[in-house]
Amino acid sequence: MKTTQEVATLIKKYIDGDSTVEEVESLMRWAQEKPEHEVFLTNLLKSDDIYADAIDYISLKEEKDDVWLEGFEESIIQRIQPRIKQRTIKHLTWIVGAAAAMLLTFFSYLYFSKDMPMYGDESCDLAEVVAGTTKAELILPDGQRITLRDDKEWIAMGESLKYSDGSPVLAEDTEMLAKQLITIEVPRGGRYKIMLPDGSKVWLNSMSKLVHPFRFAIDKREVTLEGEAYFEIAQLSVAGKRVPFTVNTDKQSIEVTGTAFNVSAYAENAATVTTLVHGSVDIYAGSQRLSLKPSQQGIATAKGVSKREVDVAKFIAWKDNKFLFDETSLIEVMREISRWYDIDVSFEGEARSTYLYGEIGMDKNLVEVLRLLEKSGVKFKSIKRDSRQRLIVLP
């Protein structure tokens with residue numbers, strides 16, 4: 001039975017690609033000793049589902065410095081046992097190489113470090129920065145702004161404007177809105193779901209805006225997007241002819257009939273990125289036309305449009321309340337954090353060429369996320385400017 005330090009050393013060397021054949025065999029034998037070992041290691045890399053368990057484990061280890069696995073089995077396995085019953089782990093997958101060392105390394109530190117450092121005095125103000133929530137504003141044609149209820153899952157358009165439970169959004173008659181454009185605007189630190197008049201569903205991410213008719217015309221469906229949204233488009237036919245659905249952004253237009261896709265069209269990004277989950281879409285950018293198939297991504301820039309094969313999970317994880325990083329640049333990671341936690345982020349000096357891997361629940365508060373990122377070698381300081389918290393990424 002191996003001690004904490006022995007297991008940690010084997011894992012770290014394996015991740016860094018420095019293991020000998022004997023050390024790889026030793027690690028795999030340890031992983032195969034018990035199903036709990038495989039579950040522990042698999043979850044260590046694939047998600048942060050047992051992050052809270054790790055905190056308990058560290059506290060336990062400080063209280064009784066026995067052989068680690070005895071304490072782990074006694075105190076922790078009870079909490080992950082339901083997940084063991086739900087699925088059988090057939091094999092253990094490791095991502096090897098220096099590029100993978102970022103989030104994987106901080107996950108291993110999280111579990112195996114004897115002294116998990118606290119974030120430091122500069123983070124005191126950041127302790128109050130919590131994760132984003134369900135929130136948005138409805139903007140009527142006359143400019144009137146209505147704060148949508150944060151205790152409702154979504155709003156639905158159609159003959160009337162109502163929340164998911166059927167309660168009305170507006171007290172007055174909505175008939176006057178029949179042919180007019182309305183806007184749903186989601187601020188920083190927010191997210192909202194909308195059901196359009198045709199039954200299509202839209203998930204709006206932070207700092208995003210969707211403009212659309214209160215009721216669609218018979219022969220066309222058209223919306224305008226700023227920011228990011230995930231679309232599930234309902235198929236609609238009139239007189240045997242499918243009614244197309246068009247999503248307009250600053251750099252492109254997307255035409256679909258019935259499909260699911262994600263569009264990221266933030267103004268600060270050089271490219272508009274369309275990721276197709278299922279169905280088919282046509283992207284129009286200037287005089288260019290690009291057709292996508294499932295698991296393909298279209299990239300529209302000032303130079304034109306191109307496409308590539310991708311794992312769509314990374315690009316739609318936000319809809320399921322997860323950060324999912326897979327060779328994601330530090331700049332993009334910090335942009336996502338800035339939008340979701342409603343905090344200004346800047347870099348001191350030139351941004352590092354760092355790429356991150358891993359999964360973090362978006363329900364965690366900011367300090368928890370920063371603790372994890374610090375374990376990958378990213379350092380921060382915080383200041384307050386104009387009554388707003390600012391996070392500065394250090395070189």
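Me: Is arginine 149 buried, partly exposed or exposed, and at what relative accessibility?
Reply: Keep in mind that we're looking at a predicted model. Buried would need under 20% relative accessible area and exposed would need over 50%. Arginine 149 falls between those cut-offs, so it counts as partly exposed, at 37%.

Me: Which residue does the side chain of arginine 149 meet in a salt bridge?
Reply: Look for a carboxyl oxygen within 4 Å of the arginine's side-chain nitrogen. Here the N to O distance is 2.7 Å. The partner counts as partly exposed too, at 49% relative accessibility. That partner is aspartate 151.

Me: How many residues apart in sequence are the parts that arginine 215 and glutamate 159 tie together?
Reply: These two form a salt bridge, with the closest N and O atoms 3.7 Å apart. Arginine 215 lies in the loop between strand S9 (208–213) and S10, while glutamate 159 is in the loop between strand S4 (154–156) and strand S5 (162–163). So the pair ties together parts whose separation in sequence is 56 residues.

Me: Is glutamate 159 buried or exposed?
Reply: Its relative accessible area is 65%. The cut-off for exposed is over 50%, so glutamate 159 is exposed.

Me: Which residue in strand S24 meets glutamate 348 in a salt bridge?
Reply: Glutamate 348 itself sits in the loop between S22 and strand S23 (355–361), and its partner is 33 residues apart from it. The two side chains meet at 3.1 Å, N to O. Glutamate 348 counts as partly exposed at 34% relative accessibility, and the partner does as well, at 26%. That partner is lysine 381.

Me: How many salt bridges does the structure hold?
Reply: Some of them share partners: Glu137, Arg145, Glu185 and Lys209 are joined into one network that way. The pair of glutamate 348 and lysine 381 is another example of a salt bridge. For the structure, the count is 17.

Me: What is the order of the strands in the open sheet of three strands?
Reply: Start from the edges: strand S22 (344–347) and strand S24 (380–385) each pair on one side only. S22 is joined by four bridges to strand S25 (residues 388–393), and those two run parallel. The pairing in the sheet is mixed, and the order is S22-S25-S24.

Me: Which residue in S25 stands opposite serine 346?
Reply: S22 and S25 are joined by four bridges and run parallel. Across from serine 346, in S25, stands isoleucine 392.

Me: Which helix lies across S22, S24 and S25?
Reply: The protein chain has nine helices to choose from. The one we want covers residues 330–341 and runs at about 160° to S22. This is helix H8.

Me: How many of the seven residues of strand S16 are buried?
Reply: Strand S16 covers residues 272–278, and it is largely enclosed by the rest of the structure. It has partners too: five bridges join strand S15 (residues 260–265) to S16, and four join S16 to strand S19 (residues 296–301). Both pairings run antiparallel. The number of buried residues in S16 is five.

Me: How many residues lie between S15 and S16 in their hairpin?
Reply: The two strands run antiparallel, and serine 264 has valine 273 in S16 as its bridge partner. Between the strands of the hairpin, the count of residues is six.

Me: Which residue in S19 is the bridge partner of threonine 272?
Reply: S16 and S19 run antiparallel and are joined by four bridges. In S19, the partner of threonine 272 is alanine 300.

Me: What is the relative accessible area of arginine 221?
Reply: Arginine 221 has its place in strand S10 (residues 221–232). Leaving out residues up to four places away in sequence, it touches a list of residues including Phe216, Leu236, Val243 and Phe245. Arginine 221 is buried, with a relative accessible area of 1%.

Me: Which residue's side chain makes a polar contact with the side chain of arginine 221?
Reply: The arginine 221 side chain also reaches the backbone oxygen of alanine 234, at 2.7 Å. For the side chain to side chain contact, the distance is 2.5 Å, and the residue is aspartate 198.

Notes:
Residues numbered from 1 in each chain as written. Predicted model: local features only at pLDDT ≥ 70, side-chain atom pairs only at ≥ 80, totals over all residues. Heavy atoms only, no water. Buried < 20%, exposed > 50% of the residue type's maximum accessible area, 1.4 Å probe, protein only. Pairing = 2+ DSSP bridges. Contact = heavy atoms within 4.5 Å. Axes fitted to C-alpha atoms, helices over the stretch in contact; angles between N-to-C directions. Polar contact = N/O pair within 3.5 Å; in protein donor to acceptor, adjacent residues only side chain to side chain.
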